[in-house]
Amino acid sequence: MASAPGAHIVVDVSGKVLRPGIQELPPGSRVADALRAAGGVREGADSTGLNRARVLTDGEQVVVGVPGAQPAQAGPAGGTGGSAGGGRAGPVAPISLNAATPEQLETLPGVGPVLAGHIIDYRTEHGGYRSVDQLREVSGIGDRRFAELRPLVRP
């Protein structure tokens, strides 16, 4: 018997966790809850890019400790295809600066609610991004953060 819509969300936890795979969680669950459901992060795995407090959406992916992998966009619930990582996700299309929601931008390393707001404000004030290099003009993005974000985004 199928459960009622909204009774749970389904996320894919992969990478360096003890029990990777599909996890069913209550709505409103956070990345930390998904990691616990997957048995926790393996010892020695780099999880510094994970926002453990971020609320999950149905159909997204959380990838732990995979070097060089990129955060992905929100899954079906986010309406853009791909998957969303609270950390690093597999090889997917970079996040669109012109279409991303604040939640999608927050999946990027070093981007929280305030910086996501600045990125969107710049987009609104300037009629969108024509080049990733325009990120350098956003308040709060210095050379180091720009270098980290550049391969993960597109105009």
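Biologist: Is A7 buried, partly exposed or exposed?

Modeller: This is a predicted model, and A7 lies in the segment before β1. Buried means under 20% relative accessible area and exposed means over 50%. The relative accessible area of A7 is 44%, so A7 is partly exposed.

Biologist: What separation do the C-alpha atoms of A7 and P26 have?

Modeller: Along the chain, A7 and P26 are 19 residues apart. Their C-alpha atoms are separated by 6.6 Å.

Biologist: In what order do the three strands stand in the open sheet?

Modeller: β1 pairs with β2 in the antiparallel sense over five bridges. β1 also pairs with β3, in the parallel sense over four bridges. The pairing of the sheet is mixed, and the order is β2-β1-β3.

Biologist: Why is one side of β2 and of β3 left without a neighbour in the sheet?

Modeller: β2 covers residues 21-25 and β3 covers 61-64. Each has one side without a neighbour in the sheet because each stands at an edge, with a single partner strand.

Biologist: By what angle are neighbouring strands of this sheet turned against each other on average?

Modeller: The sheet holds three strands in an open arrangement. With direction ignored, the average turn between its neighbouring strands is 30°.

Biologist: Which residue of β2 stands opposite I9?

Modeller: Strand β1 covers residues 9-15. A hairpin of five residues joins β1 to β2, and the two strands pair in the antiparallel sense. Opposite I9, in β2, stands L25.

Biologist: Which residue of β3 stands opposite S14?

Modeller: β1 and β3 pair in the parallel sense. The residue in β3 opposite S14 is V63.

How values were computed. Residues are numbered from 1 along each chain as its sequence is written. This is a predicted model: local features need pLDDT of at least 70, side-chain atom pairs count only at pLDDT 80 or more; totals for chains, interfaces and linings use all residues. Side-chain values use heavy atoms; hydrogens and water are left out. Two strands pair if DSSP finds at least two bridges between them. Axes are lines fitted to C-alpha atoms, for helices over the stretch in contact, and angles run from 0 to 180 degrees between N-to-C directions. Buried means under 20% relative accessible area, exposed over 50%, partly exposed in between (1.4 Å probe, protein chains only).
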